[in-house]
Amino acid sequence: MSTTFQLDTATSRANPTPAPMKRLTIPAIRRRKRDGVTAEPIVMLTAYTARQAQLLDAHCDLLLVGDSLGQVIYGLPSSVPVTLDLMIAHGAAVVRGSYHAAVIVDMPFGAYEQSPQQAFASAARVLKETGCAGVKLEGGAAMAETVRFLTERGIPVMGHVGLTPQAVNILGGYNARGRSDAEADKIVADTQALDQAGAFAVVIEGVVEPIAIAATKAVSCPTIGIGASARCDGQVLVTEDMLGMFERVPRFVKRYADVASVVTEAAAQYAAEVRDRSFPGTEQTYQPK
Ligand code: KIV
């Protein structure tokens, strides 16, 4: 699938020319897994801005406005300080920048855990103010009642089990989960509880491979792996990680580009040309007629 762009004179930026197709729906994503088999794995990447969404959209089934934007965009120490207003602002930008992928917005820490009612009020704001297709929330069996409450009221929910970064203060770090029998059993049971509560998909993050495979086999909804297994029903990565924007990335990240070097080299060349007055040149300056 290719994307073409045209200049939008209102914003003076290039916008994608919509291909003649409808945006993917949550039921269509859910149906990818039939009788325990996902013939075509689900492709998800994070997106935080309209321009990023424009570039990723044609290649993805799902765009996730992850609360990882706290660290990636805002330089915060974890996702814990991220607010609902921040998620809504970035969610709306990503919806504006996409026309093919279904957009999922993360519910930030503190916006949903208190009660199903609190979760509904937050998620309804997210859907109304961004136009996204659904929300993601962290937690397993403990969140099952909330997942059921939301889905029965028209809000598609993606679950998130295993390494749940919002719980970093309880987990004590970002190490892989599922190494002990008790932890492994809990991850499988959490995934099943979310599936039975109506989650349309479940992210399995930072989980040892056999447990990610067992959890995937144990549920009827698709699982989306990150630091899990190629045998999950789909995969997600933080886009900046896979683009090589950071020097240090978790072991499970594959870098598909070295964008940090491209940016550094371009900035260095620009700085040199400003300092030796070779920029702007004649092509970049306006002369009287
Ligand atoms: O916030 C995020 O980016 C996520 C993904 C890593 C799954 O939750």
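Reader: How much space lies in the largest pocket?

Author: Rolling a probe the size of a water molecule over the atoms shows where empty space is left. In this predicted model, the largest pocket holds about 1000 Å³ of space.

Reader: How many residues line the largest pocket, and which of them lie nearest its centre?

Author: The lining of the largest pocket consists of 35 residues. Those nearest the centre are Tyr-174, Glu-205, Asp-241, Pro-250 and Phe-252.

Reader: What is the chemical character of that lining?

Author: In the lining of the largest pocket, 18 residues are nonpolar, nine are polar and eight are charged. At least two lining residues come from each of α3 (69-72), β10 (201-205) and β12 (234-237).

Reader: Where does the ligand sit?

Author: The ligand occupies the largest pocket. Around the ligand are Thr-46, Leu-64, Gly-66, Asp-67, Ser-68, Asp-106, Lys-136, His-160, Ile-226, Val-236 and Val-238. By class, this shell comprises four nonpolar, four polar and three charged residues.

Reader: Which side chains have a polar atom placed beside an oxygen atom of the ligand, and at what distances?

Author: The cut-off for a polar contact is 3.5 Å between N or O atoms. Among the side chains that satisfy it, Ser-68 has an N or O atom 2.5 Å from an oxygen atom of the ligand. For Asp-67, a polar side-chain atom lies 3.0 Å from a ligand oxygen. For Asp-106, the corresponding distance to an oxygen atom of the ligand is 3.1 Å.

Reader: What percentage of the area that the ligand exposes when taken alone does the protein bury?

Author: Taken alone, the ligand exposes 260 Å², and the protein buries 96% of that area.

Reader: How is the second largest pocket to be described?

Author: The same reading begins with volume and then turns to the lining. The second largest pocket contains about 320 Å³ of space, and 17 residues line it. Gly-162, Thr-164, Leu-171, Lys-186 and Asp-190 lie nearest its centre. Two or more residues of this lining come from each of β9 (157-162), α7 (168-171) and α8 (181-197). The largest share, four residues, is supplied by α8. The lining of the second largest pocket divides into eight nonpolar, five polar and four charged residues.

Reader: What should be noted about the backbone at Asp-35, and where is this residue placed?

Author: Most residues other than glycine have a negative phi, and most peptide bonds are trans. Asp-35, although not a glycine, has a positive phi of about 50°. Asp-35 is found in the loop between β3 (33-34) and β4 (37-38).

Reader: Which residues are joined by a cis peptide bond?

Author: The cis peptide bond joins Phe-279 and Pro-280, with an omega of about -5°. Pro-280 belongs to the segment after α11 (259-275).

Notes
Residues numbered from 1 in each chain as written. Predicted model: local features only at pLDDT ≥ 70, side-chain atom pairs only at ≥ 80, totals over all residues. Heavy atoms only, no water. Near = heavy atom within 4 Å. Polar contact = N/O pair within 3.5 Å; in protein donor to acceptor, adjacent residues only side chain to side chain. Areas by Shrake-Rupley, 256 points an atom, 1.4 Å probe, with all protein chains shown as cover. 1 Å grid on protein atoms, 1.4 Å probe; cavity = no way out; pocket = protein on both sides within 12 Å on 5 of 7 lines; lining within 4 Å. Sits in = over half its atoms within 2 Å of the grid points. Nonpolar A, V, L, I, M, F, W, Y, C, P; charged D, E, K, R; others polar. Points joined across faces, edges and corners; volume = space filled by probe spheres on them.
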